[in-house]
Amino acid sequence: MAEGSNGNINSEIYKKIPSIKFTKLFINGDFVDSVSGKTFDTINPGTEEVIAKIAEGDKEDVDLAVKAAREAFDHGSWPRMPGCERGKIMNKFADLIDENLEELAALETIDAGKVFSFETDVDIPDVSKELRYFAGAADKIHGRTLKLSRQFQGYTLLEPIGVVGLIIPWNFPSGMFILKCAPALAAGCTMVIKPAEQAPLSALYLAHLAKLAGIPNGVVNVVTGFGHTAGSAVASHMDINSVSFTGSTEVGRLIMHAAANSNLKTVSLELGGKSPLLIFNDANVDEAADLALFGSLANKGEICVCTSRVFVQEGIYDELVIKLVEKAKTWVVGDPFDPKTQQGPQVDKKQYERILSYIDHGKREGASLLVGGRPCGDKGYYIEPTIFENVKDDMLIAKDEIFGPVMALMKFKTTEEVITRANATTYGLAAGIITNDLNIANRVSRSIKAGVIWINCYHNFDSGCPVGGYKMSGFGKDHGVEALEKYLQTKAVVTPIYDSPWL
């Protein structure tokens, strides 16, 4: 692979990075210190240097944030505001995100190792689009009239569920903040947001923009801190009505336990994945290689729907392997501020070491390393794009979610075989199919047990398209009108009718 300027920040772009103003908890419209006064370091994964000290929230801080959110829900204006008015404020929030696009992109780059050009061109623009989508939905939330069998009339109301806890991951800090915040705002909920400790800066900046947009105090609260303390307090809080979490399956289990052991709050989980990409003999080999690499290496492989299992039909397998290796060798890893860079550093040292450990497992278990497999550069958490072949379905690199730039290549003969093998996983988040045969596309898309299937494309997320898991990849949807459901509850209202001329 081509190696960029690891650890050497592009000075001209670096000048655009805003001073780190927001490092405290955001509760009831103000930035405040944690009750304990404790802080933790957030680290630049490209340089391994401390960016800032962030307030370390704990149970007491979550209690204060929930109290503010409860007051805003029970007595404040947000849930009582007409949906069109909530939509206006949400659109203003989106305007401010657009106006501060480069600042947000820079924060994501220094805090999470994300490629600056991708942030400015794709990620941050998508954040404001998501907000605008749900701003448009805010005045279209309604129940329905019921046809009852006796002399009664009935209708349903869709009511905001109340105070929600939103626990977001580090791989798309701004994207995940808005992915959960936007439908909750549209529904009329108030919220306590717990961002990942690895990348908290974007959430605090977005909280600042939310206040500037006119979102009332107490509606959006952000408590930075660690999962086992602040996150656990959110999941187990008796006055939070619902919790939505994106992250690992292991932590998802803990959140379900905490919800069950507290107030039986509703839970929505978007968890791990081991998504298969199925490439059939009739595929264009060059295009298939590009999609396979993009599916596996986008965002450094730190994406839940990453195509870490690539199944290739035997008729084009050898040709495709040659193409993949050629293209992987030109993949540019380095300074995420460099416009030529395609892959920045992994989010932190723990994740970096975890990925390298899986690469070692692959070698020991007998998979053939075609390219990559090593750390990259002298400073920062960079890893070469890595491709294994001769991977067996029972190897760790074929079963576990690695969350890094590692592709496992496997050969198949028949459609029946590859459907069985693709489904032989505890996960079911996403899958990809590359074929020009409509019959194959239809059959396989109906056969794969996953929440979203991309045909001849990949990572094509859209505000209007719901995404969520099957099996141990969780339940509940993000994106689309379906995302509103977890922030609403249905109430039926029935009254008798007398002397009606019809029923």
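This is a short walk through three helix packings and a handful of single residues in one protein model.

Start with confidence. The model is predicted. Its average pLDDT is 96. At least 70 is reached by 96% of the residues. One stretch is weak: residues 5-11 stay under 50 in pLDDT. For that stretch the model has 23 contacts beyond four places in sequence. Please keep that in mind when you look at residues 5-11.

Now the helices. Two packed helices are described by the angle between their axes and the distance between the axes. I'll give both for each pair.

First up, helix 3 and helix 6. Helix 3 covers residues 83-99, and helix 6 covers residues 173-187. Their axes come within 9 Å and cross at roughly 155°. Angles over 145 degrees count as roughly antiparallel, so helix 3 and helix 6 are roughly antiparallel to each other. The crossing of helix 3 and helix 6 is right-handed. Who makes the contact? From helix 3, we have Arg86, Met90, Phe93 and Ile97. From helix 6, we have Ile178, Ala182, Leu185, Ala186 and Ala187. By class, the contact of helix 3 with helix 6 has eight nonpolar residues, no polar ones and one charged. The charged one is Arg86.

Next, stay on helix 6 and bring in helix 7. Helix 7 covers residues 201-213. The axes of helix 6 and helix 7 come within 8 Å. They cross at roughly 50°. Helix 6 and helix 7 are therefore oblique to each other. Again the crossing of helix 6 and helix 7 is right-handed. Helix 6 contributes Pro173, Ser174 and Phe177. Helix 7 contributes Ser202, Ala203, Leu206 and Ala207. The contact of helix 6 with helix 7 has five nonpolar residues, two polar and no charged ones. The two polar residues are Ser174 and Ser202.

Third pair: helix 4 with helix 7. Helix 4 covers residues 101-112. It packs on helix 7 at an angle of about 160°, with the axes 9 Å apart. That makes helix 4 roughly antiparallel to helix 7. The crossing of helix 4 and helix 7 is right-handed too. On the helix 4 side, the residues are Glu103, Leu104, Leu107, Glu108, Ile110 and Asp111. On the helix 7 side, they are Leu201, Ser202, Tyr205, Leu206 and Leu209. The classes are seven nonpolar, one polar and three charged. The charged residues are Glu103, Glu108 and Asp111, from helix 4. Look at Ser202 and Leu206 in helix 7: both take part in the contact with helix 4, and both take part in the contact with helix 6.

Now single residues. Arg70 sits in helix 2, residues 59-75. Is Arg70 buried or exposed? Its relative accessibility is 15%. The cut-off for buried is under 20%, so Arg70 counts as buried. Leaving out residues up to four places away in sequence, Arg70 touches Val163, Asp239 and Asn241.

Ile359 is in helix 12, residues 349-364. Its relative accessible area is 0%, so Ile359 is buried. Beyond four places in sequence, Ile359 is in contact with Gly373, Ile383, Thr386, Phe388 and Val406. Ile359 and Leu396 are 37 residues apart in sequence. C-alpha to C-alpha, they are 9.7 Å apart.

Gly273 is in the loop between strand 12 (266-270) and strand 13 (276-279). With a relative accessible area of 3%, Gly273 is buried. Its contacts beyond four places in sequence are Cys304, Glu401, Tyr427, Leu429 and Ser473. Gly273 and Pro345 are 72 residues apart in sequence and 21 Å apart in space, C-alpha to C-alpha.

Last topic: backbone. Most residues other than glycine have a negative phi. Which residues here have a positive phi without being a glycine? Phe403 is one of them, at about 60°. Asn456 is another, at about 55°. Phe403 lies in the loop between helix 13 (396-399) and strand 18 (406-412). Asn456 lies in the loop between strand 20 (452-455) and strand 21 (474-475). Phe403 is buried, at 16% relative accessible area. Asn456 counts as partly exposed, at 39%.

That's the tour. Questions welcome.

Terms used. Residues numbered from 1 in each chain as written. Predicted model: local features only at pLDDT ≥ 70, side-chain atom pairs only at ≥ 80, totals over all residues. Heavy atoms only, no water. Axes fitted to C-alpha atoms, helices over the stretch in contact; angles between N-to-C directions. Helix = DSSP H or I, 4+ residues; strand = E, 2+ residues; numbered from the N terminus. Parallel < 35°, antiparallel > 145°, perpendicular 65-115°, else oblique. Left-handed = near helix turned anticlockwise from the far one by under 90°. Contact = heavy atoms within 4.5 Å. pLDDT = per-residue confidence, 0-100. Buried < 20%, exposed > 50% of the residue type's maximum accessible area, 1.4 Å probe, protein only.
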